[in-house]
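Please look at the sequence and the model shown below. The paragraphs that follow lead through the fold step by step.

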Amino acid sequence: MYSDYYGFSARPFQLTPDPRFYFESATHKKAMAYLGYGLAQGEGFIVVTGEIGAGKTTLTQHLLEQIDPARVLAVKIVSTNVASDDMLRLVANAFDIVSDTATKAQLLDRIEQFLNGRAREGRKVLLIVDEAQNLPTASLEELRMLSNFQSGSRALLQIFLLGQPEFRDKVASPELEQLRQRVIATHHLQPMDASEVGPYIEHRLQLVGWAGRPNFTPAAYDAMHAASGGIPRRLNGLVERVLVLGSLDHLDAIDAPQVEAVVNDHAADEAFEPSPVAPNATSSDAPQNAASSAQATEAGLHPATLDLAARIAMLEAQSEEQGVALRRVLTLLIDWVEQEDGMARAAAPLRSPAA
């Protein structure tokens, strides 16, 4: 909607990471420097951490676009909570190595042979592991063992680990002392400064044909920074909603009041938690609501989402009950009409022609 109104060729603030919109903030520039240093070293681990939405995935995609595939084979895996053997299979699959029925020893042998083959071709091999905070210690140890593979004095595999802030604590644990000794560089992505918000927004807008409409005031940028904390993904979501408001209200200029209105509306939406119970529910329903909230937390959902789903389910059940009742009434009505029609036909021969 807003893209058509403002004449953009695409939506510049989608939440899905897109390397086309990579913006080199101060912290991302430093991270790229560390990654470049790591590639030059060709060994060990590089660790990059950041808050959810800080731009780790976009950074990785940008890096992959800069790599010459003739010189570096780079693959990326997004880890979940996988055991050590499964970690090896994920790595093997990323390298297109057959791993279906292989034992752990066979997997290690096949991976080493693969890495030696790339070394003979004169290519480095880079493994990028995203969401590394989810990996158990045993799986991280398997990655460390893979980093031991070498040909002469040359390491056969280099590994970049990307994770959320808690991954720093995991790496600092005594159980990962040996892995920590192999970390040659580490960087934590910081939120953008207030001075970077304007250039960041305008950079993304210019890539989709922005010609100054809508115009954003400095106060609007300050309000966006305050509301998003400088986290790129939060900022993207906020600007997207602001542009929707701008298109609906036919605004050619965006100022702080419009940003604050969007922020307040969004805060109200997040605070609203519809309840699946009747309006006259008593305090005895509190445990049920608490359980609903706990289920939502466990599922990674906002409690309002689970409550809304419960209300929808309740309405669907009511609709089904109403449907059954309606079918019952229709059946009775049909039976009554048929009975009336039968009685009318039975009475017809008794009537006189004159009548």
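Strand E1 (residues 45–50) is largely enclosed by the rest of the structure, because six of its six residues are buried, where buried means under 20% relative accessible area, exposed over 50% and partly exposed in between, with a 1.4 Å probe and protein chains only. The burial holds for both faces of E1: Phe-45, Val-47 and Thr-49 lie on one side, and Ile-46, Val-48 and Gly-50 on the other. This is a predicted model, in which local features need pLDDT of at least 70 and side-chain atom pairs count only at pLDDT 80 or more, while totals for chains, interfaces and linings use all residues. Residues are numbered from 1 along each chain as its sequence is written, and side-chain values use heavy atoms, with hydrogens and water left out.

E1 has partners in the sheet. It is joined to strand E6 (residues 158–163) by five bridges, and the two run parallel; here Val-47 stands opposite Leu-161. Six bridges, again in the parallel sense, join E1 to E7, and the bridge partner of Gly-50 in E7 is Leu-189. Strands (E, at least two residues) and helices (H or I, at least four) are DSSP runs numbered from the N terminus, and two strands pair if DSSP finds at least two bridges between them.

The whole sheet is open and parallel, with five strands in the order E2-E3-E6-E1-E7. Strand E2 (72–78) and strand E7 (183–189) each have a single partner strand, so one side of each edge strand is left without a neighbour in the sheet. From one strand to the next, the twist averages 15 degrees. At the E2 edge, seven parallel bridges connect E2 with strand E3 (residues 124–130), and Leu-73 stands opposite Val-125. Helix H4 (residues 84–94) packs on the sheet, touching E2 and E3, and its direction makes about 135 degrees with that of E2. Such angles run from 0 to 180 degrees between N-to-C directions, with axes fitted to C-alpha atoms, for helices over the stretch in contact.

The largest nonpolar core has 35 residues, and those with the most contacts inside it are Val-91, Phe-95, Leu-127, Leu-143 and Leu-161. A nonpolar core is a set of buried Ala, Val, Leu, Ile, Met, Phe, Trp, Tyr and Cys residues joined through side-chain atoms within 4.5 Å. Helix H5 gives the most to this core, with five residues. Phe-95 touches residues including Leu-73 and Val-125, contact meaning heavy atoms within 4.5 Å. A second, separate core of 28 residues includes Tyr-2, Val-197, Tyr-200 and Leu-205.

How values were computed. Lists of a residue's contacts leave out its neighbours within four places in sequence.
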